[in-house]
Amino acid sequence: MDIDAIKRDYDIFTRDESLIYLDSCATSLTPRIVTAKLLEYYNSYNANIARGAYKASTKATEEFEMSRKVVANFLNAQLEEVVFTSGTTASLNMIAHGLTSQISNTDNIVVTAMEHHANFIPWQQLCEHTHADFRVAPITDDGLLDTDQLLELIDENTKILALTHVSNVLGTINPIKELTQKVRAKNQNTLIVVDAAQSVAHMKLDVADVDCDFLAFSMHKLFGPTGVGVLYGKKEHLEKLTPIFTGGEMIQEVTTACTTFRELPHRLEAGTPHIAGVIASQEAIAYAKSFGFEKIREHEKELLTYCTNNLVENFGDDIKIFGPCDISLRSGAISFTLKNHHPHDIATILDDKKNVAIRAGQHCAMPLHLETLKTNATARVSFSVYNTKADIDAFIDGLKKVDEILS
Ligand code: PMP
């Protein structure tokens, strides 16, 4: 990959040439092709969708529905199985709340110890409200999902298994397809919900192949705008999902006596969506596809290996890296601690002294940090197509400076 050319796709690097952005797990940078599409909508056919009988509205509606086609094709899903939301968090909450009426106090719901709060709290809350049993599958010492123990938690009363495809802390890639098959062998009625927030920008997703029931991701992790998410669900399950948002555009008929809802996917898309964002998402997906996921993965593995080796060579036993050692089992993030330096201090000094942007804290995974990793916080670097080995060199140099200052 020609990274110098890729960097030129982003105005942010033109404005700030020294920026080393190593926080793509939190949000990816947005290429000009995507911001241009956002502007195209506002400047050329700014209108609400599916309402006006005039040219701009028709064009906006066509572009919006084109994005649905692009997403459906990207996921290998049917058109009506793609619902636009405001992000992964919204998608997962819509699933959990929408399933409430299908859960009773004899059921159980299984999640994993490596979930982001967005795929943990909605299920915990659902169990609290319905008195279903909330079960958390553990991870092994090397940061892998303990699939044997997970399978032991699945029984004839397991209604839902909600799990992340890739951990935003450990980088662990969970074997979703294989797990789906094994879970189905134990209970064919267990609904499998996949949080693809961290995998969507790094590997090819194929919902038909994986055979999950629901899947959620945010466009802002895939070169797209913030405020746009996707909720994929198998048609049969989306049809049974209670819409938690009701209002404009999702109805068939409203009388003072009752309301009937429209067909999929519209019944789950109440109100005016982030029209520009959804429209620009087609460009974000085209951009990701222009590299090809094999190339993206190859590049990411190279950076992961280079960064891990450099951290160990330079800091030895002082650095603790969380997650699997085998790079083939992990995706684009490395979370670490360095001596007793507080991760927030590490991130602040890196920014201040070297213009290196990394993340620090619990990364919305408090149970994982406090109960499993037994650490208060970690620092995290994460990579995307615009990162180079030189970025990692700058980060390592910066980290040496941090160590000097804090020691
Ligand atoms: N799940 C995972 C694994 C994530 O990394 C994130 C974002 N950090 C989310 C869910 C939530 O995504 P969003 O904030 O875009 O809703």
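A residue counts as buried under 20% relative accessible area, as exposed over 50%, and as partly exposed in between (1.4 Å probe, protein chains only). By that rule histidine 363 is buried, with a relative accessible area of 4%. This is a predicted model, in which local features need pLDDT of at least 70, side-chain atom pairs count only at pLDDT 80 or more, and totals for chains, interfaces and linings use all residues. Residues are numbered from 1 along each chain as its sequence is written, and side-chain values use heavy atoms, with hydrogens and water left out.

Start with the overall layout. The domain assignment splits the chain into domain 1 (3-24 + 292-406) and domain 2 (34-289). Such bounds come from an automatic or database domain assignment. The centres of domain 1 and domain 2, taken over C-alpha atoms, are 28 Å apart. Their contact (heavy atoms within 4.5 Å) takes 34 residues from domain 1 and 27 residues from domain 2.

Now the interface itself. Domain 1 and domain 2 bury about 2400 Å² between them, and 62% of it is on carbon and sulfur atoms. Buried area here is the accessible area (1.4 Å probe) that two parts lose on being put together, summed over both. In domain 1, Phe293, Cys364 and Leu368 lose the most area to domain 2. Together they make up 27% of what that side buries.

What about charge across this interface? A salt bridge needs a side-chain nitrogen of Lys or Arg within 4 Å of a carboxyl oxygen of Asp or Glu. Across the interface of domain 1 and domain 2, the rule finds zero. Polar contacts do occur: 14 residue pairs, both at pLDDT 80 or more, make one between the domains. A polar contact is a pair of N or O atoms within 3.5 Å; within protein, one must be able to donate a hydrogen and the other to accept it, and residues adjacent in sequence count only if both atoms are side-chain atoms.

Four elements give two or more residues to the side of domain 1 that touches domain 2: α12 (293-315), β12 (333-338), α14 (366-373) and β15 (378-382). Helices (H or I, at least four residues) and strands (E, at least two) are DSSP runs, numbered from the N terminus. The largest share of that side, six residues, comes from α14. By class, the side has 17 nonpolar, twelve polar and five charged residues. Ala, Val, Leu, Ile, Met, Phe, Trp, Tyr, Cys and Pro count as nonpolar, Asp, Glu, Lys and Arg as charged, and the others, Gly among them, as polar.

The loop between β14 (359-361) and α14 holds histidine 363. Cysteine 364 lies in the loop between β14 and α14 too. Histidine 363 has a positive phi of about 50° although it is not a glycine. Cysteine 364 also has a positive phi, near 55°. Most residues other than glycine have a negative phi, and most peptide bonds are trans. Cysteine 364 is partly exposed, at 33% relative accessible area. Elsewhere, a cis peptide bond joins leucine 264 and proline 265, with omega about -5°. Proline 265 sits in the loop between β10 (259-261) and α11 (275-291).

The structure holds 23 salt bridges. One pairs lysine 7 with aspartate 391, the closest N and O atoms being 3.3 Å apart. Lysine 7 belongs to helix α1 (residues 3-7) and aspartate 391 to helix α15 (residues 389-406), 384 residues apart. Both lysine 7 and aspartate 391 are buried.

A second bridge joins aspartate 211 and lysine 234 at 2.8 Å, N to O. Aspartate 211 lies in the loop between α9 (207-210) and β7 (214-218), and lysine 234 in the loop between β8 (229-233) and α10 (235-240), so the pair ties together parts 23 residues apart in sequence. Aspartate 211 is partly exposed at 31%, whereas lysine 234 is buried at 16%.

A third bridge, arginine 297 to glutamate 300, has its closest N and O atoms 2.6 Å apart. These two are three residues apart in helix α12, so about one helical turn separates them. Arginine 297 is buried at 14%, and glutamate 300 is buried at 3%.

Finally, asparagine 355, in the loop between α13 (343-354) and β13 (356-357). Its side chain makes a polar contact with the side chain of aspartate 16, at 3.1 Å.
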